[in-house]
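Please work through the following exercises with the sequence and the model side by side. Try each task before you read its solution.

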Amino acid sequence: MGRYQAVLFDLDGTLLDTLDDLTDSVNAILEKYGFPLRNREEIRRFLGNGSERLMKEALPKEISETDFTKYLKEYQAYYKTHMEEKTAPYKGILPLLGELRKAGLKIGVVSNKFDLAVKGLCEKYFPGIIDAAAGEREVDGIRRKPAPDMVLTAAKRLGTSIKDCLYVGDSEVDILTAQNAGMDCVSVTWGFRDEDFLRKAGASHLVHTTEELKNFILQ
C-alpha cells in the first residue's frame, strides 16, 4: 500500500475544476443587484476560504451585514442548482482515484465550500469512490481550514491516524491546514494557485500531473 493508509483531498482546484461555475454563480448575484461583475482571475484569487469569504471579496465593501447575509444565501442557493454546468474533474483524476482504491487506500474530501455543495459534487462526479466528504460546518463547532478541525474529523471518520494520512490541495490554505494538523502535504500545480505562489507559501512537495501524484502516494 505504501506509506499512507488514506488520502484527504481538497475539492475545488484539486479534484474538480469549478472555476467557471463559481464565477457564473457569483456574477449572477452581482448582476441581479446591479454590482460590477468579476472576471475568472478575480474569482480565482478569492477562492480557498469558503463561500462567505468569496462573496465578501466579490461584493462592494460598503454592503451592510444584513444585505451581505441575504446575498450570501442567494449565492449558495444559486450555486447549488448551477454547480454542475461547466464543472469537471481535472485530467487524470478519475483514473488516479481508481488506482488509489485498488491499492487499498481510503479517500476523503475536505473543503471550505459549504457542506451541501461538497457532498452533492462528490456524489455527482465520484460516486462510490469517496469514503468521507465534508464541507464547511462551523455552525457545528468544526472550524474551517486552515484550522485542523476538518481534516482531524475526516481522519477519524476514515478510522485512520492523522500520521497515516496525506493531504492534497492546491492553495496556501491547504498547506497551512496540513501544517496545523501535523500531517504530510502535497500541493498540485494545476489548480487555483501557480507553482511560484505555492513555493512562497511554503509547499514542501509539488506535483504537476496526476501520474506524479500517484507515484508520490504509492511509493
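The exercises below go from the sheet to the helices and then to single residues.

This is a predicted model, in which local features need pLDDT of at least 70 and side-chain atom pairs count only at pLDDT 80 or more, while totals for chains, interfaces and linings use all residues. Residues are numbered from 1 along each chain as its sequence is written, and side-chain values use heavy atoms, with hydrogens and water left out.

**Exercise 1. The sheet**

Find the order of the strands in the open sheet of 6 strands, and name its edge strands.

*Solution.* Begin with the terms: helices (H or I, at least four residues) and strands (E, at least two) are DSSP runs, numbered from the N terminus, and two strands pair if DSSP finds at least two bridges between them. Reading across the open sheet gives the order β5-β4-β1-β6-β7-β8, with parallel pairing. The edge strands are β5 (132–136) and β8 (206–207), each of which pairs on one side only.

Next, follow some of the pairs. Strand β4 pairs with β5 in the parallel sense over 4 bridges, and here V110 stands opposite A134 in β5. Strand β1 (residues 6–9) is joined to strand β6 (residues 165–169), again in the parallel sense over 4 bridges; A6 stands opposite C165 in β6, and V7 stands opposite L166. Strand β6 also pairs with strand β7 (residues 184–188) in the parallel sense over 4 bridges, where L166 faces D184 in β7.

**Exercise 2. Burial in two strands**

Decide how many residues are buried in β6 and in β5.

*Solution.* Apply the cut-offs, by which buried means under 20% relative accessible area, exposed over 50%, and partly exposed in between (1.4 Å probe, protein chains only). In β6, 5 of its 5 residues are buried, and the strand is mostly covered. Looking at directions, C165, Y167 and G169 point one way from β6, whereas L166 and V168 point the other way, and all are buried. In β5, 4 of the 5 residues are buried, so β5 is largely enclosed by the rest of the structure.

**Exercise 3. Helix α1 and its surroundings**

Describe the span of helix α1, and explain why it counts as largely enclosed.

*Solution.* Start with the span: helix α1 (residues 19–32) has 14 residues and reaches 20 Å from its first C-alpha to its last, close to the 20 Å expected at 1.5 Å a residue, where the expected span is 1.5 Å times one less than the number of residues. Then turn to burial: 10 of the 14 residues of α1 are buried, so the helix is largely enclosed by the rest of the structure. Among the buried residues are L19, L22, V26 and I29. What covers the buried residues includes β2 (16–17), α2 (40–46), α3 (50–58), α4 (65–82) and β4. After the helix comes G34, whose phi is positive, near 75 degrees.

**Exercise 4. Two helix pairs**

Classify the angle between α5 and α10, and then the one between α1 and α4.

*Solution.* Axes are lines fitted to C-alpha atoms, for helices over the stretch in contact, and angles run from 0 to 180 degrees between N-to-C directions. Angles under 35 degrees count as roughly parallel, over 145 as roughly antiparallel, 65 to 115 as roughly perpendicular and the rest as oblique.

Helix α5 (residues 93–102) and helix α10 (residues 210–218) pack at an angle of about 15 degrees, with their axes 10 Å apart, which makes α5 roughly parallel to α10. Their contact (heavy atoms within 4.5 Å) involves residues including I93 and L96 of α5 and L213 and I217 of α10.

The axes of α1 and α4 come within 9 Å and cross at roughly 135 degrees, and these two helices are therefore oblique to each other. Among the residues making this contact are L22 and I29 of α1 and Y71 and Y75 of α4.

**Exercise 5. Two single residues**

Is N27 buried or exposed, and what is the accessibility class of T209?

*Solution.* N27 lies in helix α1 and, with a relative accessible area of 12%, is buried. Leaving aside its neighbours within four places in sequence, N27 is in contact with L37 and R38. T209 is found in the loop between β8 and α10, and at 36% relative accessibility T209 counts as partly exposed. Finally, T209 and D170 are 39 residues apart in sequence and 12 Å apart in space, C-alpha to C-alpha.
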